[in-house]
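Please look over the sequence and the structure shown below; the report that follows goes through the sheets, the helices that pack on them, and the contact between the chains.

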Number of protein chains: 2
Amino acid sequence: MAHVSIIGTGNMGAAIANLVTKGGNTVETFTSSDVAKPVTGEIVVLAVPHAAVAGIIAERAGQLAGKVVVDITNPVDFATFDDLVVPADSSAAAGIASALPTARVVKAFNTNFAGTLVAGTNGTEPTTVLIAGDDADAKALLAGVVTAAGLRAVDAGALKRARELESLGFLQIGLAAAEKVSWTGGFAVVA
Amino acid sequence: MAHVSIIGTGNMGAAIANLVTKGGNTVETFTSSDVAKPVTGEIVVLAVPHAAVAGIIAERAGQLAGKVVVDITNPVDFATFDDLVVPADSSAAAGIASALPTARVVKAFNTNFAGTLVAGTNGTEPTTVLIAGDDADAKALLAGVVTAAGLRAVDAGALKRARELESLGFLQIGLAAAEKVSWTGGFAVVA
């Protein structure tokens, strides 16, 4: 059984909390005013917008040492919808890993719309959570939480692949914003 | 009715030729030894590996002026499977557009495995061809060829979005090479 801390109570935070408990794992959630409450989970999900991550790291870097830190962000430039705000040859996840050198950072959930996490399906396919990271045990721990809830987890490779996952998240959000795909659909993975 | 020239007779060239004729449009195909045979289609599909594109441009730049030139390549570094061979802030399609300034370059088909183009489905979803380009008429002409064959076409935006499409193609090929998705599956688009 895994204990999961989720910082952020928006659509994605709520959907991930639902997934965790559905699989029989335990969850604690944090709003932005819970600064004084320490995280106790071995997995900590940063379920906040990309712009809010630096503040959380500033507040909690010590608490996050050794933890599996899950970056779900899509660092889209929402003013233009035409670029990411991270360097083209890097990723938000790489930035978090650099800021938290002792944490085991994984990229996950950024290619899943919240509705598909709650439903467990995307179209007729099981919802698939793509997970990238450099620590195999960290990825396996998170994958176990995902599969316990009845969803699929796919190891997408090293944390370097967060670049492609963020590109996919950006493309998917852009297509949904343009009404080319549904906010309850998007890219499904056909195994 | 559109007339489509397809340069390259590999799996992808054959699958796209099949798609064109299935929709009642006409096709002419070119092998690497057909250098002296001019292209006559208003759409020209470069169905060759990325490394072969420069040679075709050198041979046929004049013939491609004004044409809808379809770039289907995934410029993956197949020696490492860890990067693309184009700059991170650009794309193979942008390179082709730069080399063929009077052609109307679109990116398409690079996110579709050949089997899904032939089947017309990916899992239970209709196969969706994502098309990026700066010329709306060019995209619409190609989309018409795709939808005539019973597949879906989605306008993925400006040619700048080729970067995300190539990133998606790279991710999908990597997952298939690692046996995480099938070569007859991959990313399906749920509208």
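## Helices on the sheet of chain B

In this predicted model, helix 6 of chain B lies across strand 4, strand 5 (104–107), strand 8 (128–133) and strand 9 of chain B, and its direction makes about 145 degrees with that of strand 8 of chain B. Helix 2 of chain B, residues 50–64, lies across strand 1, strand 2, strand 3 and strand 4 (68–71) of chain B, running at about 170 degrees to strand 3 of chain B.

## The sheet of chain B

The sheet beneath these helices is an open one of seven strands in chain B, arranged in the order 2-1-3-4-5-8-9 with mixed pairing. Its edges are taken by strand 2 (26–30) and strand 9 (152–157) of chain B, each of which has a single partner strand, so that one side of each is left without a neighbour in the sheet. On average, and with direction ignored, neighbouring strands of this sheet are turned by 25 degrees against each other.

Within the sheet, strand 1 (residues 3–7) and strand 3 (residues 43–46) of chain B pair in the parallel sense over four bridges, and Ile7(B) stands opposite Leu46(B) in strand 3 of chain B.

## The sheet of chain A

Chain A likewise has an open sheet of seven strands, in the order 2-1-3-4-5-8-9 and with mixed pairing; strand 2 (26–30) and strand 9 (152–157) of chain A are the edge strands, each pairing on one side only. Strand 1 (residues 3–7) and strand 2 of chain A pair in the parallel sense over five bridges, with Ile6(A) opposite Thr29(A) in strand 2 of chain A. Helix 3 (residues 92–99) of chain A packs on the sheet, where it touches strand 3 (43–46), strand 4 (68–71) and strand 5 (104–107) of chain A, and its direction makes about 170 degrees with that of strand 5 of chain A.

## How the two chains meet

Chain B can be laid on chain A with an RMSD of 0.0 Å by a turn of 180 degrees and a shift of 0.0 Å along the axis, which is the relation of a two-fold axis. Because 100% of the interface residues of chain B are also interface residues in chain A, the copies meet through the same surface.

Helix 6 (residues 162–177) of chain A and helix 6 (residues 162–177) of chain B pack at an angle of about 125 degrees, with their axes 9 Å apart, and these two helices are therefore oblique to each other. Among the residues that make the contact are Leu165(A), Leu168(A) and Phe170(A) of helix 6 of chain A, and Leu165(B), Leu168(B) and Phe170(B) of helix 6 of chain B. The residues of this contact divide into eight nonpolar, two polar and four charged, and the crossing of the two helices is left-handed.

Definitions and conventions
Residues numbered from 1 in each chain as written. Chains lettered and ligands numbered in written order. Predicted model: local features only at pLDDT ≥ 70, side-chain atom pairs only at ≥ 80, totals over all residues. Heavy atoms only, no water. Axes fitted to C-alpha atoms, helices over the stretch in contact; angles between N-to-C directions. Parallel < 35°, antiparallel > 145°, perpendicular 65-115°, else oblique. Left-handed = near helix turned anticlockwise from the far one by under 90°. Contact = heavy atoms within 4.5 Å. Nonpolar A, V, L, I, M, F, W, Y, C, P; charged D, E, K, R; others polar. Least-squares fit on C-alpha atoms with pLDDT ≥ 70 in both. Pairing = 2+ DSSP bridges.
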